[in-house]
Amino acid sequence: MVFSERGIPMTGAAYEIQPMQPAKKKSIWKTLWDQKWLMVMSIPVLLYVMLFNYYPLWGWRYAFQNLDISTIKKGADWIGFGNFEWLFNEKYFWLGIRNTLAMSVINLVFGTLASILLAILLNEVRNRTFKRTVQTVTYLPHFLSMVIVVGMAQNMFVSDGPVNQLLLSAKIIDKPVWWLGEGKYFWFLVGIINIWKEVGWNSIIYISTMTSIDPTLYEAAAIDGAGRFQRILHVTLPGIKSTFVVLLIMNIGHLMEAGFEIQYLLGNKQVYDFSQTIDVFVLEYGIQNNKYGRAIAAGMFKSVVGIILLFAANFVAKKLDEDTLI
Amino acid sequence: MTAVTYNKKAKKPMQQDVVFPIVNGIFLCILMFVTLFPVINTVAISFNDGIDAVRGGIGLWPRKFSAEAYKTLLADKLTWNAFGISVARTVITTLTNLLFTSMLAFALSRKEYVFGKFITLAVVLTMYVNAGLIPNYLLIHRTLKLSKTFWVYIIPTMFSCFNMIVIRTYINGLPEALAESARIDGANDMRIFWQIIFPLCTPVLATVALFVAVGSWNQWFDTQLYCGSKKYLHTLQYLLKMKLATSMNTANAANASVDALASQAAAKSTPITIRCAITVVSALPILVVYPFLQRYFVTGMVLGGVKG
């Protein structure tokens, strides 16, 4: 098809309708009628979002009612902030918050460091086939479900499993450690498993930032006598700084999301005080004990704190974007 | 480049350039080994003799080969049923999600759309505001009564905002003239979408479809919440989750004593080998397609990173 300079096809119809210059005053009804198919296409999702994303927010009113399995049929009573009072006096709620924050911070710090390290090392690899092989292998665990990953972790960390065997033969420990049954190891176990699962995947964004660094910077640095480590320190790291800051801030906005699956699947009675997060707390009170009101109060607390963190993080990110980064 | 100072003592660049790549290469090889070891180990255990596997210490290769675990697994009707449910939910979710998500992405890519701004806001806000587990559970379980039906796997996952943004970014990158010319030729928006935009979006749709499919295949929690009591609605991931929970309990209850586990295991296949066999079966589709489709996954990650 032949197009004019303005992108209008040079056909007969184009000259008759003149689509680039619509009538000056098109009535709103005419516009709506013209866009009827766009509306048809957006209505299903709009209804979906109303039902599955906004309607449940109305359920937050139960946080102020004594709703449980016995009152749900005949309607619960309003009890003001009773559920929240109970919540703030509940030991396991605070344990849940502590564990959530601890595991988030561990994931954030070590996960970020590991993925930056991997990105730098991959960036230094000159052999393309080797680089691609490493990438393919390290991205793989990201696509395995947490159930599978926890199952594999169990094989690795049982008392007579490969991890203990390795540490025993290296004489780092003198008797098998019971990794899965002691609370003090749980947070770091979660950290290690998360890094194993996501390090490759999280390095993608840093690798793609590094490939956009101007190669002449490296050449200039090399001519000035900078060795490999100095080039990494003075060219690569400054090059990924803005990506790092933005991702860090965004992750701080997600501090209340320590994940739910891994703690729920890997946790057990022995490590309960360290494995239970807010999400697990909500699940146990809400679904297993049918204390809907209390569980919704806990979930609401988490959501509201999460939203505040997120908007604060976005705000800081925008500020930095304006002031320092660009 | 003020930070880089001229270094007279830049010692023997040759030596540094030989040592570092080797150390780096060795380190990355170890990393690959650490990544793959648990996967291969699980496959090895699944092919090992059951009672022998309880003794532990299996590495990369089965010590006493036996396909008994797979025989037990595949003789069970419930495994086949779970496989069927997993496949069905993955296929249907992917198709419906792709349909609705891409339709909305197209509508919102049109700058003249009157409700565009409002709908974008309403949809993007859902990425930030989440009512939480219990309100959603009450909606699906009590209000909509979707529990214990197959549709609970499909209906609540019909749309994904993040994917919508990815597709919309892609559509915005297509030349405007394509849709314009079709409109002049008298095609309505529905036809423009189906006959012009949709076919052009194949690369991004493939990426999004993969993400949706993997997410659906890997899901186990909705089965536990809504269909735990319905054996014929269990998925493969949920079968594995149940096996995992039992092995977690036995391993800890018995103080991880090998003898206690061994004495339970009278059959040729033990819980450990069965669990590993289910792991392999439920990971197999992903392990098989992954190497071929990896670049699509990464494209999606980069596309999403640009705008997300």
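From the N terminus on, the elements of chain B run α-α-α-α-α-α-α-α-α-α-α-α-α-α. That is 14 helices and zero strands. The model is predicted.

**Chain B overall**

Chain B has 308 residues, and buried residues make up 40% of them. Contacts between residues at least 6 apart in sequence can be sorted by separation. In chain B, 74% of these contacts join residues at least 24 apart.

**Helix packing in chain B**

Two packed helices are described by the angle between their axes and the distance between the axes. Two pairs share helix α7(B), which spans residues 161-172. Its partners are α4(B) and α10(B), the latter covering residues 202-217.

| Helix pair | Angle between axes | Distance between axes |
|---|---|---|
| α4(B) and α7(B) | about 50° | 8 Å |
| α7(B) and α10(B) | about 170° | 10 Å |

Take α4(B) and α7(B). Their axes pack at an angle of about 50°, which makes α4(B) oblique to α7(B). The crossing of these two helices is right-handed. Which residues of α4(B) meet α7(B)? They are Thr101(B), Ser102(B), Leu104(B), Ala105(B), Phe106(B), Leu108(B) and Ser109(B). On the α7(B) side stand Asn163(B), Met164(B), Ile167(B), Arg168(B), Ile171(B) and Asn172(B). By class, this contact holds seven nonpolar, five polar and one charged.

Now α7(B) and α10(B). Here the angle is about 170°, so α7(B) is roughly antiparallel to α10(B). From α7(B), the contact draws on Asn163(B), Val166(B), Ile167(B) and Tyr170(B). From α10(B), it draws on Val204(B), Val208(B), Phe211(B) and Val212(B). The residues of this contact divide into seven nonpolar, one polar and no charged.

Asn163(B) and Ile167(B) appear in both lists: they meet α4(B), and they also meet α10(B).

**The interface between chains A and B**

Chain B gives 89 residues to the contact with chain A, and chain A gives 85. Which elements of chain B give two or more residues to this side? They are α1 (13-46), α4 (77-109), α5 (116-125), α6 (133-143), α8 (176-184), α9 (189-200), α12 (236-253) and α14 (271-307). The most comes from α1(B), with 15 residues. By class, the chain B side has 58 nonpolar, 23 polar and eight charged residues.

Helix α4(B) therefore has two roles in this account: α4(B) is on the list of elements that touch chain A, and α4(B) is oblique to α7(B).

**Chain A: two domains**

The domain assignment splits chain A into domain 1 (22-64) and domain 2 (90-325). How far apart do the C-alpha centres of the two domains lie? The separation is 37 Å. The domains do meet: the contact takes four residues from domain 1 of chain A and five residues from domain 2 of chain A. On the domain 1 side, three residues are nonpolar, one is polar and none is charged.

**A residue to look at: Phe52(A)**

Phe52(A) is found in helix α3 of chain A, which covers residues 36-58. Is Phe52(A) buried or exposed? It has 20 C-beta neighbours inside 10 Å, so Phe52(A) counts as buried. Pro162(A) lies 110 residues from Phe52(A) along the chain. The C-alpha atoms of Phe52(A) and Pro162(A) are separated by 45 Å.

Terms used: Residues are numbered from 1 along each chain as its sequence is written. Chains are lettered from A and ligands numbered from 1 in the order in which they are written. This is a predicted model: local features need pLDDT of at least 70, side-chain atom pairs count only at pLDDT 80 or more; totals for chains, interfaces and linings use all residues. Domain bounds come from an automatic or database domain assignment. Two residues are in contact if their C-beta atoms, placed from the backbone, lie within 7 Å. Ala, Val, Leu, Ile, Met, Phe, Trp, Tyr, Cys and Pro count as nonpolar, Asp, Glu, Lys and Arg as charged, and the others, Gly among them, as polar. Helices (H or I, at least four residues) and strands (E, at least two) are DSSP runs, numbered from the N terminus. A residue is buried if 20 or more other C-beta atoms lie within 10 Å of its own, exposed if 12 or fewer, and partly exposed in between; C-beta atoms are placed from the backbone. Axes are lines fitted to C-alpha atoms, for helices over the stretch in contact, and angles run from 0 to 180 degrees between N-to-C directions. Angles under 35 degrees count as roughly parallel, over 145 as roughly antiparallel, 65 to 115 as roughly perpendicular and the rest as oblique. A crossing is left-handed if the near helix is turned anticlockwise from the far one by less than a right angle, and right-handed if clockwise.
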